[in-house]
Amino acid sequence: MGESHGRVCGLVEGLTDEQALEAVRRVYERVGLGDGAMVLAVHRDTFRDDGRVKLHVHAARAAVNPTTLRAYNHHQLNTRIDRAARAVELEMGLFHDRGLAVVDRNDDGTAFVRDSTVPERIAWRRENREERLIALERARYADNAVREGSFERYAEARVEPRLRQTLQR
């Protein structure tokens, strides 16, 4: 029996596959899951809104410790992995991703890892939703521009009905 995780250590462009794999290995070591069988795959198949490649690592690992033959402790696993990922990002000088744990700074500028708050996560979801809607609208416009060839037809078909509906409320 195994488990699969799509973990992203805030990985930056220019990172080699070996460096990305090392970052993920360090994360799993920190949470006590580094000694089991694990398959890691580096992907560069998704893109950010600005067109840059989003490097991420998928991990599939054994759910049982090979030495003790007992199941690993999965209590708050995602939170533990996020905390470890932020710590590894600090160690390796990587971009700090957002998640269940975040990197913050003390008054003296010292970086530390803390759990994110529920309001922060809600705000991030809203940001992500807005970004997805904007990307979707851009894709619709680009598709329409190829087919129809004019902004006027796009505005009549997509923008005008939504404006009317909003004004009628």
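The expected span of a helix is 1.5 Å times one less than its number of residues. Helices (H or I, at least four residues) and strands (E, at least two) are DSSP runs, numbered from the N terminus. The model examined here is predicted, with local features needing pLDDT of at least 70 and side-chain atom pairs counting only at pLDDT 80 or more, while totals for chains, interfaces and linings use all residues. Residues are numbered from 1 along each chain as its sequence is written, and side-chain values use heavy atoms, leaving out hydrogens and water.

Helix H2 covers residues 77-92, and its 16 residues reach 22 Å from first C-alpha to last, close to the 22 Å expected. Among its buried residues (under 20% relative accessible area, with exposed over 50% and partly exposed in between; 1.4 Å probe, protein chains only) are Leu 77, Ile 81, Ala 84 and Val 88. Gly 93, with a positive phi near 70°, follows H2.

Helix H1 spans residues 17-30 and reaches 20 Å, close to the 20 Å expected. Its buried residues are Ala 20, Leu 21, Ala 23, Val 24, Val 27 and Tyr 28. They fall within an arc of 155° seen down the axis, so they line one face of the helix; the arc is taken from the directions from the helix axis to the C-beta atoms. The face turned away from this buried side carries the exposed Glu 18 and Glu 29.

The largest nonpolar core has 19 residues, such a core being a set of buried Ala, Val, Leu, Ile, Met, Phe, Trp, Tyr and Cys residues joined through side-chain atoms within 4.5 Å. H1, strand E3 (53-62) and H2 each supply at least two of its residues, and the largest share, six residues, comes from H1.
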